[in-house]
Amino acid sequence: MIRPILIHPDPRLKKVADPVADISDELRALADDMLATMYDAPGIGLAAPQIGVLNRLIVLDCIKEEGAAPQPTIMFNPEVIAASDETNTYEEGCLSIPDQYADVERPAEVSVRWLDRDGNLKEQDFDGLWATCVQHEIDHLNGKLFIDYLRPLKRQMITRKMVKLKRERARS
Ligand code: ZN
């Protein structure tokens, strides 16, 4: 089921999400809905707070090459356990901040630990777009958006555009 995605500014996007205690069928269904919502958008990552659910759950698939096999990834309670000193800058966007993009600098490589769809503990190193995406999504679980890394003026400009967009959408 495709879920509506919250648009910034929204208080639910600023909250710290709660850890998941055990992986129930209900949570698995939620994760599957999030993947469907992400692919439909389309996007390469989605965090549960973006659909108004304050659980520590993210989904991602950063395979962008045409014809490459998809790699749907579900992470419960994801945690960055190590990050490189070396950084990478990507032009980031966010499904909760449509059509706005800006350069964000983050560690180029991160080690992440999480529980998968079946509740197995996983640990993996990520680099490139995957590293940026997983850090962006984990930020969502801590109430942080990519625009929080920008200068206040740029952030305010984007926020004003989003307020206007939400007003227009509410009218139509
Ligand atoms: Zn985002």
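Helices here are DSSP runs of at least four residues, numbered from the N terminus. With that in hand, a good place to start in this predicted model is the largest pocket, where helix H2 gives the most to the lining, with six residues.

The space in this pocket comes to about 700 Å³. Besides H2, strands E4 and E5 each give two or more residues to the lining. In total, 32 residues line the pocket, and those nearest its centre are Pro-42, Gly-43, Ile-44, Gly-45 and Lys-64. Sorted by class, the lining is a mix: 15 residues are nonpolar, nine are polar and eight are charged.

What about H2 itself? The helix covers residues 128-141, and 12 of its 14 residues are buried, so H2 is largely enclosed by the rest of the structure. Buried here means under 20% relative accessible area. The buried set takes in Trp-130, Ala-131, Thr-132 and Cys-133, then Val-134, Gln-135, His-136 and Glu-137, and finally Ile-138, Asp-139, His-140 and Leu-141. Just past the helix, Gly-143 adopts a positive phi of about 70 degrees.

The two strands that join H2 in the pocket lining also pair up. E4 (residues 87-94) and E5 (residues 97-107) pair in the antiparallel sense, with seven bridges between them. One of the residues involved is Asn-88, whose bridge partner in E5 is Arg-106. Getting from E4 to E5 takes a hairpin of two residues.

How values were computed: Residues are numbered from 1 along each chain as its sequence is written. This is a predicted model: local features need pLDDT of at least 70, side-chain atom pairs count only at pLDDT 80 or more; totals for chains, interfaces and linings use all residues. Side-chain values use heavy atoms; hydrogens and water are left out. Buried means under 20% relative accessible area, exposed over 50%, partly exposed in between (1.4 Å probe, protein chains only). Two strands pair if DSSP finds at least two bridges between them. On a 1 Å grid over the protein atoms alone, a cavity is a set of points where a 1.4 Å probe fits but cannot get out, and a pocket is an open set with protein on both sides within 12 Å along at least five of seven lines; lining residues have an atom within 4 Å of a point. Grid points are joined across faces, edges and corners, and a volume is the space filled by probe spheres set on the points. Ala, Val, Leu, Ile, Met, Phe, Trp, Tyr, Cys and Pro count as nonpolar, Asp, Glu, Lys and Arg as charged, and the others, Gly among them, as polar.
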